[in-house]
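Dear colleague,

I am handing over the structure we spoke of, with the sequence alongside. Please have it open while you read, as the notes below go through it place by place.

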Amino acid sequence: MPVQNDQSNTSTFERAPTIQAAVNSTITALQQAAKPHVHQAQIESALALAEDRITTQIRPRARHRARLVYRALVEATYTLIHARQHNAQVTTSYCWFTVLDVLPLATKLSTATCERATHDLREIGLLATWSDWATTEFLNRETGEVFETRARTGVWVCVLLKPREGLRARIHPAELPRDDQGQLLSQRDLNADRKTGHTAHQLKQEVRESITHQVGKFDIQSLLHWSLPKTKLKSLVTRDSLTSQPMTNLAEFMVKAGPRELVEVLSALRTEVPQRRRDAVQAAGTALARVFNDQQSVRHYYRVLWRALQADLQGLRGLDTLQTEMQRVLIDMKELPIAHPGALLTSRLKESDWWNAVYRSHPAA
């Protein structure tokens, strides 16, 4: 079923043995990394860079609420980045899942004010959102009957952390987690969450009843309530960020990864440390040659990945477009008897702007 976009506005790693250890490590890291203002310098830098855009593009009376909401989202984002041990230094924007209904807990603003502020932040490019929908059960209070309907479970948010001219927060649908049929995966089991009280309404109630709740303090943990849930460990290693880094040896993981896992994890090449980047690219190239039944052209895949990576480092969408085309070929391979999927991939890349803009314009490193 289609997912609706607010702006009319990973992968599943369970099969990799090393991932469970990474999950446990992340839980420990979150407990240590969630202290307020640990990443104060990075937070203040993002706020300073965003100030000119807020001042010049948002009307005066709306600026204060925009600053509060943006700050809460930036604090939550950096907490998540460091909890997952991703590279905060090179991360320009970061995409993760949350429920914006709890923004009032993090900002002490009203629900309506938070909605206006997020609208303004989207308009000026500091924030992008993409709604996550699922079919869920509701009770008809008049008849007592249970019926199913589509409901929004939350949103993917992309927060721009290093604003500069011409750069906007963007969410690319191809980057969001998908199942083997290419359909977007819902990020919550809303029925189960409602039964266990794992909802924004319950969270607000708990905060209202808590004697430790302090006015004026940012409650960013409420925003991370669904992005790092204790009971759904799989989401801890979901590749939320467009520039995230897996918490395991990337080259080793790529050797063992399945086709869809392999393609989805390619984005992690952006933040692989330079000392390991070549090994990771070669491991990925070898694995891609195997996946696309094109082992005799393994050096071609090395070049494709290097050029895509170099394009990304220069601000072009090298890896994003490459992953999208690879996903299309993987789906075609399941539905059609394609004898040479590697040739099909190359053909589609040549038909797009990617071939001239990326492959021919950026020599291998």
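N293 sits in the loop between helix 10 (274-291) and helix 11 (298-313), and in this model, which is a predicted one, its phi is positive, near 55 degrees, although N293 is a residue other than glycine. Most residues other than glycine have a negative phi. As for its surroundings, N293 counts as partly exposed, because its relative accessibility is 47%, and the partly exposed class lies between the limits of 20% and 50%.

A second case of this kind is K108, which is not a glycine and yet has a positive phi of about 65 degrees. K108 belongs to the loop between helix 4 (103-107) and helix 5, and with a relative accessibility of 28% K108 also counts as partly exposed.

That loop leads to helix 5 (residues 111-123), for which a check of length can be made. The expected span is 1.5 Å times one less than the number of residues, so the 13 residues of helix 5 should span 18 Å, and the C-alpha atoms at its ends are indeed 18 Å apart, in agreement with that expectation. The buried residues of helix 5 are T113, C114, A117, T118, D120, L121 and R122. After helix 5 comes G125, whose phi is positive as well, near 85 degrees.

Which residues of helix 3 meet helix 5? They are A62, R65, A66, V69 and Y70, and on the side of helix 5 the partners are T113, C114, R116, A117, T118, D120 and L121. By class, this contact of helix 3 with helix 5 is made up of seven nonpolar, two polar and three charged residues. The two helices pack with their axes 9 Å apart and at an angle of about 85 degrees; since angles of 65 to 115 degrees count as roughly perpendicular, helix 3 and helix 5 are therefore roughly perpendicular to each other.

Two buried residues are worth a look for their partners in space. T91, in the loop between helix 3 (60-83) and strand 1 (93-98), counts as buried, because its relative accessibility is 0%. The C-alpha atoms of T91 and K162 are separated by 8.1 Å, while the two residues are 71 residues apart along the chain. W130, which is part of strand 2 (residues 127-139), is buried as well, with a relative accessible area of 10%, and buried here means under 20%. From C-alpha to C-alpha, W130 and F97 are 9.3 Å apart in space, and in sequence they are 33 residues apart.

Further along the chain there is another helix pair to examine, helix 12 (residues 318-335) and helix 13 (residues 341-351), whose axes are 10 Å apart and which pack at an angle of about 140 degrees. Angles over 145 degrees would count as roughly antiparallel, and helix 12 and helix 13 are therefore oblique to each other. Their crossing is right-handed. In this contact L322, E325, M326, R328, V329, D332 and M333 of helix 12 meet P341, L344, L345, R348 and L349 of helix 13, and these residues divide into eight nonpolar, no polar and four charged.

With best regards

Note on methods. Residues are numbered from 1 along each chain as its sequence is written. This is a predicted model: local features need pLDDT of at least 70, side-chain atom pairs count only at pLDDT 80 or more; totals for chains, interfaces and linings use all residues. Side-chain values use heavy atoms; hydrogens and water are left out. Axes are lines fitted to C-alpha atoms, for helices over the stretch in contact, and angles run from 0 to 180 degrees between N-to-C directions. Helices (H or I, at least four residues) and strands (E, at least two) are DSSP runs, numbered from the N terminus. Angles under 35 degrees count as roughly parallel, over 145 as roughly antiparallel, 65 to 115 as roughly perpendicular and the rest as oblique. A crossing is left-handed if the near helix is turned anticlockwise from the far one by less than a right angle, and right-handed if clockwise. Contact means heavy atoms within 4.5 Å. Ala, Val, Leu, Ile, Met, Phe, Trp, Tyr, Cys and Pro count as nonpolar, Asp, Glu, Lys and Arg as charged, and the others, Gly among them, as polar. Buried means under 20% relative accessible area, exposed over 50%, partly exposed in between (1.4 Å probe, protein chains only).
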